[in-house]
Amino acid sequence: MSEEKLPEPHSPAGALDPFADPGLPAHEPRVTDIDEKAARRAERQVSLLFVISMLATIGFIASYVSIDKYKIIDIFFFGKIGALNLALGCTLGVALFCIGAGAIHWARTLMTDEEIVQERHEFKSDPADREGAIREFQRGAAESGFGRRSMIRRTMIGAMALVPLSGVVLLRDLGPLPSVALRHTWWGKNGKNGRTLIINENTNKPLRPEHIVKGSLVMAKPEGLNVDNHDYLEEIGKAAILLIRLEPDEIKSKKQLEWSYNGVVAYSKICTHVGCPIGLYEQQTHHLLCPCHQSTFDLADDGAVVFGPAARSLPQLKITVNEKTGFLEAIGDFAEPVGPSFWERG
Ligand code: FES
């Protein structure tokens, strides 16, 4: 098979290329290049876009603060949609769009549109070329009007400075500090000295002391906290308790005895290590074991940690019985934060 001869790669231009280089067309000035009024009008339009962007960012922050995150609205064609998501999406979209549109409009109407030909050269330019490039850059910057058109400059800087605020505001969704959030639970909703009926988490019925039999473990929650509450998971994650029955003489601490009712004690179900739900009860030892990292709490000794990585005792909930109804009730909230206690570590 004969080899076909390829053209010389470095043949003089024109010898192998049948198309002549037409060169650049003559530069056509735009209306804003020759009419100062049109240029001013374009400048105002660009600034207006940046101002709209600023207003949209402010609207984003206002929506985030003022609209209920659970509010649903019905919009024709789109159907049911979260009002907060809609408002955040629209305002942030407008803010970003107007910055982009303003920059494009500015470039198309006011910045120079003259074609500049740059000949190819070696990667490293000689000093004269570099000086020339710097001069060209400075000339381009001057022609863009960035220094001269102060209204555009200020509004653009304002718009670009405000847009990142949208991201900063969203940090609020990380929630309050754990030491604050975990200090208050549903049990305290009835006021400091109020009482809350204790409800069996499985049957949804109030509990009497005789329902807690020795050796068993009953999971419970406060009255009013139901699965249809919009913040149910968040609240049950803090308020869930376990009820067990001990013999009153098995209880080692005076405070624990005072906070119990005829041997029935209530403890937070949330492990004080990193917050797993606890549920393994050793009837003979009264030890409660967390399945995550095996922290073990002694319920006969004020919920003290007897093994594992948990740093503090399981919080106890003070309970009593309503003399009229005979149902178990909690007195106030936990006296200390429930759940993980990493903020207390040295
Ligand atoms: S979460 Fe309970 S031991 Fe780690």
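**Exercise 1. A salt bridge in a helix**

Work out in which helix Glu258 and Lys254 lie, and how many residues apart they are.

*Solution.* Start with the positions: Glu258 and Lys254 both belong to helix 8. They are four residues apart, which is about one turn of the helix. Next, look at the side chains in this predicted model. They meet in a salt bridge, with 3.3 Å from N to O. A salt bridge needs the nitrogen and the carboxyl oxygen within 4 Å, so this pair qualifies. Finally, check the surroundings. Glu258 has a relative accessible area of 49% and is partly exposed, while Lys254, at 64%, counts as exposed. The cut-off for exposed is over 50%, which is why 49% falls into the partly exposed class.

**Exercise 2. A salt bridge between two loops**

Find the loops that hold Glu250 and Lys214, and say how far apart the closest N and O atoms of the pair are.

*Solution.* First, the distance: Glu250 and Lys214 form a salt bridge whose closest N and O atoms are 3.8 Å apart. Then, the places. Glu250 sits in the loop between strand 5 (241–245) and helix 8 (254–258), and Lys214 in the loop between strand 3 (195–200) and strand 4 (218–222). With their positions 36 residues apart, the pair links distant parts of the chain. As for exposure, Glu250 is partly exposed at 26% relative accessible area, and Lys214 is partly exposed at 39%.

**Exercise 3. Lys80 and its partner**

Which residue forms a salt bridge with Lys80, and are Lys80 and that partner buried or exposed?

*Solution.* The partner is Asp74, and the closest N and O atoms are 3.9 Å apart. Now compare each residue with the cut-off of over 50% for exposed. Lys80 has a relative accessible area of 66%, so Lys80 is exposed. Asp74 has 57%, so Asp74 is exposed too. To put this pair in context, a search of the whole structure finds 13 salt bridges.

**Exercise 4. A nonpolar patch**

Name the residues of the nonpolar surface patch that includes Leu174, and place Leu174 in the chain.

*Solution.* The patch is formed by Leu165, Val168, Leu171 and Leu174. Together they have about 400 Å² of accessible area. Leu174 is in the loop between helix 5 (150–170) and helix 6 (178–181). With a relative accessible area of 73%, Leu174 is exposed.

**Exercise 5. Around the rings**

Which lysine lies over the face of Trp186, which lies over the face of Trp259, and how many aromatic pairs does the structure hold?

*Solution.* Take the tryptophans one at a time. Lys189 lies over the face of Trp186, 4.6 Å from the ring centre. Lys255 lies over the face of Trp259, at 4.5 Å from the ring centre. For ring-to-ring contacts, the count of aromatic pairs is zero.

**Exercise 6. Two asparagines with positive phi**

Find the phi values of Asn204 and Asn262, and say in which loops these residues lie.

*Solution.* Asn204 has a phi near 65°, a positive value in a residue other than glycine. Asn204 lies in the loop between strand 3 and strand 4 and is partly exposed at 47% relative accessible area. Asn262 has a positive phi near 45°. Its loop runs between helix 8 and strand 6 (264–268), and Asn262 is exposed at 54%.

**Exercise 7. The domains**

State how the chain is divided into domains and how far apart their C-alpha centres lie.

*Solution.* Domain 1 covers 31–115 + 133–174, and domain 2 covers 178–344. The C-alpha centres of domain 1 and domain 2 are 53 Å apart.

Notes. Residues numbered from 1 in each chain as written. Predicted model: local features only at pLDDT ≥ 70, side-chain atom pairs only at ≥ 80, totals over all residues. Heavy atoms only, no water. Patch = residues over 30% accessible without salt bridge, like charges linked within 9 Å, V, L, I, M, F, W, Y side chains within 5 Å. Areas by Shrake-Rupley, 256 points an atom, 1.4 Å probe, with all protein chains shown as cover. Salt bridge = Lys/Arg side-chain N within 4 Å of Asp/Glu carboxyl O. Buried < 20%, exposed > 50% of the residue type's maximum accessible area, 1.4 Å probe, protein only. Phe/Tyr/Trp six-rings, centres within 6.5 Å; stacked < 30°, edge-to-face > 60°. Lys NZ or Arg CZ within 6 Å of the ring centre and 35° of its normal. Domains from an automatic or database assignment.
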